[in-house]
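This report describes selected local features of one protein model. The sequence and structure are shown first, and the description follows.

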Amino acid sequence: MAKLGDNLKINGDRLWDSLMEMAQIGPGIAGGNNRQTVTDADSEGRHLFKRWCDEAGLTMGVDKMGTMFARREGTDPDALPVYVGSHLDTQPTGGKYDGVLGVLGGLEIVRTLNDLGIKTKHPIVVTNWTNEEGTRFAPAMLASGVFVGMHELDWAYDREDAKGLKFGDELKRIGWVGDEEVGLRKMKAFFELHIEQGPILEAEGKDIGVVTHGQGLWWLQVTLTGKDSHTGSTPMPMRKNAGLGMARMTELVHQIAMSHQPEAVGAIGHCDVYPNSRNVIPGKVVFTIDFRSPHQDVLDAMKARFEAEAPKIAEELGLGFEIEVTGHFDPVTFDENCVAAVRNAAERLGYSHRDLVSGAGHDACWINRVYPTAMVMCPCVDGLSHNEAEDISKEWAAAGADVLLHAVLETAEIVE
């Protein structure tokens, strides 16, 4: 393989312009994006990405989950491709960079190679995974989960949003059901560039996060059933207050996570209160719990403690209690060679870096189960993400894409 020089870098201005143009699709109300999966805005973003891929000479494939694979050929038609990418869908109040940086950073790699006339032995495939966020159709990382065999295609198609619409129907409605069977593609490696979604890199003044591990998670959904009654005329000892039950379980979730510091986290993130009236005691509450840890034993212990103690809270308050697992994946250890390629790239380019454990789930976490995988992270302002105020600098984006470029080229092998 030809030697990689430290002067080989992407076009940072072009990458930034692409990020800003994509952000015009599905604008939020406060400067970010609302481009939720398999919406009309998602379809529009996909068409823009496809046009850019066509202009870059890439061949587009789409599988039955709507995942987009844009291929740049290598010199060896039999060599396994190196995949790179992330996702274009956003949270309802999402930022302009979460996921999008990884997809458009992968596209920028191809554009740079085209500019410089660089050929690789292995093909390079830029990927846009469908429904990474999971906010409209749970669970998160749905398409990559089907790809690696964690979910069945029909099960994924039957996921419903809050309005009762099914994922498969919506994917068909926007015109992005591909004809390719899910999971048949083979990879030499997969690399994902992402913003950190945490405060560590910015706080320590580091340019690059070399992601060595990913936290596992349990997503639990709890339904508490009490009795709707008038807030003014129902005596306190006679109430069956589902809202009070959720409040006490919120404190329990916090205590459980705090008992496994420094790396474990837990919170109640979503709740629906019924009938949700100011003068009616809640008769029913449905809420979600998110437990995460990079250690399997800790992750399972947190779930087990909640399952043991929460029913006692419900019983004490006279409430019905139901619990359902809505999402799960085990902690991730990324591939040693791919991680080394990321670290080598940062050092070759002179960027300051540190090892990181990803606190969020990513498509890379699923792909790592079947193919060698690693992640590159860049800082984000105040560690803020899943928020319209999410922000990064042009320099951070370029540095992350530079490291991605070098890690991919080390793996895909430059041809002299």
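## Annotated binding-site residues

In this predicted model, H87 touches D98, G99, V100, V103, N128, W129, E132, E133, H194 and D363, leaving aside residues up to four places away in sequence. H87 is placed in the loop between β3 (82-86) and α3 (100-116). With a relative accessible area of 0%, H87 is buried.

An unreviewed UniProt entry carries the annotation "binding site" for H87, D98 and H194. These residues span 108 residues in sequence, yet no two of their C-alpha atoms are more than 9.8 Å apart, so they gather at one spot. Of these residues, D98 is included in the lining of the second largest cavity. Both D98 and H194 also appear among the contacts of H87.

## Internal cavities

Rolling a probe the size of a water molecule over the atoms shows where empty space is left. For this model, the count comes to 2 cavities of 30 Å³ or more.

The largest cavity holds about 40 Å³ of space. Its lining consists of T37, D42, R46, L88, D89, N128, W129, T130 and N131. By class, these lining residues divide into 2 nonpolar, 4 polar and 3 charged. Two of them, N128 and W129, are also contacts of H87.

The second largest cavity encloses about 30 Å³ and is lined by D89, T90, Q91, G94, G95, D98, E133, H386 and E390. This lining has no nonpolar residues, 5 polar and 4 charged. D89 occurs in the linings of both cavities.

## Backbone geometry

Two peptide bonds that precede proline are cis. The bond from Q261 to P262 is cis, with omega near 15°, and P262 lies in the loop between α8 (242-258) and β10 (265-274). The bond from Y274 to P275 is likewise cis, with omega near 0°; P275 belongs to the loop between β10 and β11 (280-281).

Positive phi values are found at Q197 and H386, neither of which is a glycine. For Q197 the angle is about 65°, and the residue sits in the loop between β6 (189-195) and α7 (200-204). Q197 is buried, its relative accessible area being 19%; the cut-off for this class is under 20%. H386 has phi near 55° and lies in the loop between β16 (373-378) and α12 (394-412). In contrast to the buried Q197, H386 is partly exposed, with a relative accessible area of 38%. H386 is also one of the residues lining the second largest cavity.

## Cysteines

A disulfide is a covalent bond between the sulfur atoms of two cysteines. How many disulfides does the model contain? The count comes to 0. C338 is in no disulfide, and the nearest cysteine sulfur, that of C365, is 14 Å away; the criterion for a disulfide is a pair of sulfur atoms within 2.5 Å.

Is C338 buried or exposed? C338 is buried, with a relative accessible area of 4%. C271, by comparison, counts as partly exposed at 37% relative accessibility.

## Annotated domain

The unreviewed UniProt entry assigns "domain: Peptidase M20 dimerisation" to residues 215-314. This span is 36% helix and 34% strand, and its end C-alpha atoms lie 30 Å apart. Both cis bonds described above, from Q261 to P262 and from Y274 to P275, fall within residues 215-314.

Terms used: Residues are numbered from 1 along each chain as its sequence is written. This is a predicted model: local features need pLDDT of at least 70, side-chain atom pairs count only at pLDDT 80 or more; totals for chains, interfaces and linings use all residues. Side-chain values use heavy atoms; hydrogens and water are left out. On a 1 Å grid over the protein atoms alone, a cavity is a set of points where a 1.4 Å probe fits but cannot get out, and a pocket is an open set with protein on both sides within 12 Å along at least five of seven lines; lining residues have an atom within 4 Å of a point. Grid points are joined across faces, edges and corners, and a volume is the space filled by probe spheres set on the points. Ala, Val, Leu, Ile, Met, Phe, Trp, Tyr, Cys and Pro count as nonpolar, Asp, Glu, Lys and Arg as charged, and the others, Gly among them, as polar. Buried means under 20% relative accessible area, exposed over 50%, partly exposed in between (1.4 Å probe, protein chains only). UniProt positions are given in the numbering used here, feature names are shortened, and annotations may be inferred rather than shown by experiment. Helices (H or I, at least four residues) and strands (E, at least two) are DSSP runs, numbered from the N terminus. Contact means heavy atoms within 4.5 Å.
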